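Reader: Please give me a close look at one part of this model, namely the pairing of its charged side chains, and then place that part in its surroundings.

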Amino acid sequence: MMTGLVTDVDCAVWQRKAAAALAEMLAEVVTHQLAPVLWQVSILGTLAGRCADRDMAARRSTFTQWMQFLQVAGWREWEHDGVIHLYGITSGFRGCQVSLTADLYDNESGDQP
């Protein structure tokens, strides 16, 4: 539990730790030949990834492979307004919280309706 105010220095330290974890993760995935994912580092040091393959079957496959790599067994899938949403999260990669999402659309182009 955190107490007190979070400073800009705290955020910078957390981001730096997450960026280092991301660099390590990307070095490892090369040997696993995983498809690339779009990554963001939050100000609190969380890594957030999004699968963005143009082909929806490939996007689902990328998500599933990353979930296996990150050892996330309890990821979620739900449908809303014709879009299938995939979401998984772990706090077990180098002490960093890592979340991954993929949105699957009916049209094969991957463009939002």
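Author: Glutamate 77 is a fair place to begin, since it is partly exposed, with a relative accessible area of 43%, where partly exposed lies between buried, under 20% relative accessible area, and exposed, over 50%, using a 1.4 Å probe and protein chains only. The model is predicted, and local features need pLDDT of at least 70 while side-chain atom pairs count only at pLDDT 80 or more, although totals for chains, interfaces and linings use all residues. Residues are numbered from 1 along each chain as its sequence is written, and side-chain values use heavy atoms, with hydrogens and water left out.

The side chain of glutamate 77 meets that of arginine 60 in a salt bridge, at 3.1 Å from N to O; the term requires a side-chain nitrogen of Lys or Arg within 4 Å of a carboxyl oxygen of Asp or Glu. Glutamate 77 belongs to strand β3 (residues 76-80) and arginine 60 to helix α2 (residues 56-69), so the pair ties together parts that are 17 residues apart in sequence. Helices (H or I, at least four residues) and strands (E, at least two) are DSSP runs, numbered from the N terminus. Arginine 60 is partly exposed as well, with a relative accessible area of 27%.

Elsewhere, salt bridges that share partners join Glu24, Glu28 and Arg94 into one network. Side chains of opposite charge can pair when their charged atoms come close. In this network, arginine 94 bridges to glutamate 24, with the closest N and O atoms 2.5 Å apart. Arginine 94 lies in the loop between β4 (83-93) and β5 (96-104), whereas glutamate 24 is in helix α1 (residues 8-32), so this pair ties together parts that are 70 residues apart in sequence. Glutamate 24 is partly exposed at 36% relative accessible area, and arginine 94 is partly exposed at 41%.

Glutamate 28 also forms a salt bridge with arginine 94, and here the closest N and O atoms are 2.4 Å apart. This pair again links distant parts of the chain, with glutamate 28 in helix α1 and arginine 94 in the loop between β4 and β5, 66 residues apart. Glutamate 28 is partly exposed, with a relative accessible area of 27%. By the rule given above, the count of salt bridges comes to three.

Turning from charge to the interior, the largest nonpolar core has 26 residues, and those with the most contacts inside it are Met25, Trp39, Trp66, Phe69, Leu70 and Leu100. Such a core is a set of buried Ala, Val, Leu, Ile, Met, Phe, Trp, Tyr and Cys residues joined through side-chain atoms within 4.5 Å. The elements α1, α2, β4 and β5 each supply at least two residues of this core. Leucine 100 touches, among others more than four places away in sequence, Trp39, Phe63, Trp66 and Leu86, where contact means heavy atoms within 4.5 Å.

Serine 99 lies in strand β5 and is buried, with a relative accessible area of 10%. Its contacts more than four places away in sequence include Trp39, Leu47 and Tyr87.

Finally, β1 and β2 pair in the antiparallel sense over four bridges, pairing being accepted if DSSP finds at least two bridges between two strands. Valine 41 stands opposite leucine 47 in β2. The two strands β1 and β2 form a hairpin with five residues between them, and glycine 45 in the turn has a positive phi of about 90°. Isoleucine 43 is in the loop between β1 (38-41) and β2 (47-50), and isoleucine 43 is exposed, with a relative accessible area of 54%.
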